[in-house]
Amino acid sequence: MVDPDEVNALAQLMTWKTAVANLPYGGAKGGIGCNPRELTVSELQRVTRVFTQKIHDLIGIHRDVPAPDMGTNSQTMAWILDEYSKFHGYSPAVVTGKPIELGGSLGREAATGLGVVFATEFLLDEYGMSFANMKFAIQGFGNVGSWAASFIHQKGGKVVAVSDITGAVKNPNGIDIPALLKHKEKADSLKDFEGGDAMDLNDVLVHECDVLIPCALGGVLNKENAADVKAKFIIEAANHPTDPEADEILSRKGVTILPDIYANSGGVTVSYFEWVQNIQGFMWEEEKVNYELKRYMKRAFNDIKAMCHTHNCNLRMGAFTLGVNKVARATVLRGWEA
């Protein structure tokens, strides 16, 4: 359930994230305090439309452009667009993550997961490693986790453990991800998957693997479980999955953490591309979307690396320093300094 503190924290993270990703955006966040799994489709639509009626003067093409996050999807964005258009005329650029038929971008649905995989690729490359023969554990198998798992599987990585709120599966020889996706689509659950053994949900975070990718909620790595993490690399696909105490414990253990404000920025980057396409009225091929995503993420990775080199700090400190510096510089240039 969202609350004001979480929304404020995520809005601030979003500000640094768009700066790190080199996007011409600030940062904002919003949400509705409800459990979407407990509502019918028509109830969700009514809630979304009333929410839009309350905020239609606060959002806008050059003011604030919402995008989907936890508990929302392209259908939610379609409802917001339609409701907003009743007040302001048809404005496809007012939200991103829309269905393709309403001006959505090709590649947007897979963008966060693909961005996570690009980020992982650049990091492993620094250590002279590749996906082949690496073992991955993925916590969260929604949009981000399932796409990340698919791309890792395609690149020859072994996904040895996967979990979501419905269950958890492990297979030391690597899970057949296409088969797991089919099973989840049919059963709406990870339970009873024949291509692996069931395991405790919480054990995925401390499972034997090379790379751990938390893709679900914040705060899942904490002082209780951080010491038991066996991964050498953690890729933060979720927003703030590692709390500060866990961060310290993991740093002392020598675990390399790729921070959320960079690792999961693929989603907002392709949201930016969608916004650009809507404003131009000219849509891109999926190959162009993915090519540009990789280019943006590579540039951001190099910028973070340079910051780490300059300040002799870890990746999280490098990413935050980069983001805060860019915002501070823009603030000074506009004449806002105190």
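This is a guided tour of a predicted model, moving from its domains to a pocket, a helix and a few single residues.

Begin by colouring the protein chain by its domain assignment, which gives domain 1 as residues 2-105 + 264-286 + 313-324 and domain 2 as residues 108-261. The C-alpha centres of domain 1 and domain 2 lie 25 Å apart, and if you display the contacts across the boundary you should find 25 residues of domain 1 touching 23 residues of domain 2.

Next, turn to the second largest pocket, which holds about 270 Å³ of space. Select Tyr127, Thr256, Ile257, Asn314 and Leu315, which are the closest to the pocket's centre among the 15 residues that line it. If you then show the secondary structure, the elements that each give two or more residues to this lining are α4 (111-126), α7 (244-253), β7 (256-258), α10 (286-311) and α11 (315-333). Helix α10 supplies the largest share of the lining, with four residues. Colouring the lining of the second largest pocket by residue class separates seven nonpolar residues from four polar and four charged ones. Where does this pocket lie with respect to domain 1 and domain 2? Both domains give residues to the lining of the second largest pocket, so the pocket lies between them.

Now select helix α6, residues 177-187, and show the side chains of Ile177, Leu180, His183 and Lys184, which are the buried residues of this helix. Viewed down the axis of α6, these buried residues fall within an arc of 115°, so they line one face of the helix. It helps to recall here that an α-helix has 3.6 residues a turn, so residues three or four places apart point the same way. To see what the buried residues of α6 pack against, add α5 (143-154), β2 (158-164) and β3 (167-170) to the display. Then rotate to the face of α6 turned away from its buried side, where you will meet the exposed residues Lys182, Glu185 and Lys186.

Continue along the chain from α6 to aspartate 188, which follows the helix and lies in the loop between α6 and β4 (197-198). Aspartate 188 has a positive phi of about 55°, although it is not a glycine. Most residues other than glycine have a negative phi. With a relative accessibility of 54%, aspartate 188 counts as exposed, because the cut-off for that class is over 50%.

A second residue to inspect for its backbone is asparagine 22, which you will find in the loop between α1 (4-20) and α2 (41-55). Asparagine 22 is likewise not a glycine, and its phi is positive, at about 65°. At 28% relative accessibility, asparagine 22 counts as partly exposed.

Finish at alanine 93, in the loop between α3 (74-88) and α4. Is this alanine 93 buried or exposed? Its relative accessibility is 4%, and alanine 93 therefore counts as buried, the cut-off for buried being under 20%. Select Ile61, Val65, Trp275, Asn278 and Ile279 to see the residues that alanine 93 touches, leaving aside those up to four places away in sequence. As a last step, mark the C-alpha atoms of alanine 93 and glutamine 277, which are 184 residues apart along the chain but separated by 8.3 Å in the model.

Notes: Residues numbered from 1 in each chain as written. Predicted model: local features only at pLDDT ≥ 70, side-chain atom pairs only at ≥ 80, totals over all residues. Heavy atoms only, no water. Buried < 20%, exposed > 50% of the residue type's maximum accessible area, 1.4 Å probe, protein only. Arc of directions from axis to C-beta. Contact = heavy atoms within 4.5 Å. 1 Å grid on protein atoms, 1.4 Å probe; cavity = no way out; pocket = protein on both sides within 12 Å on 5 of 7 lines; lining within 4 Å. Points joined across faces, edges and corners; volume = space filled by probe spheres on them. Nonpolar A, V, L, I, M, F, W, Y, C, P; charged D, E, K, R; others polar. Domains from an automatic or database assignment.
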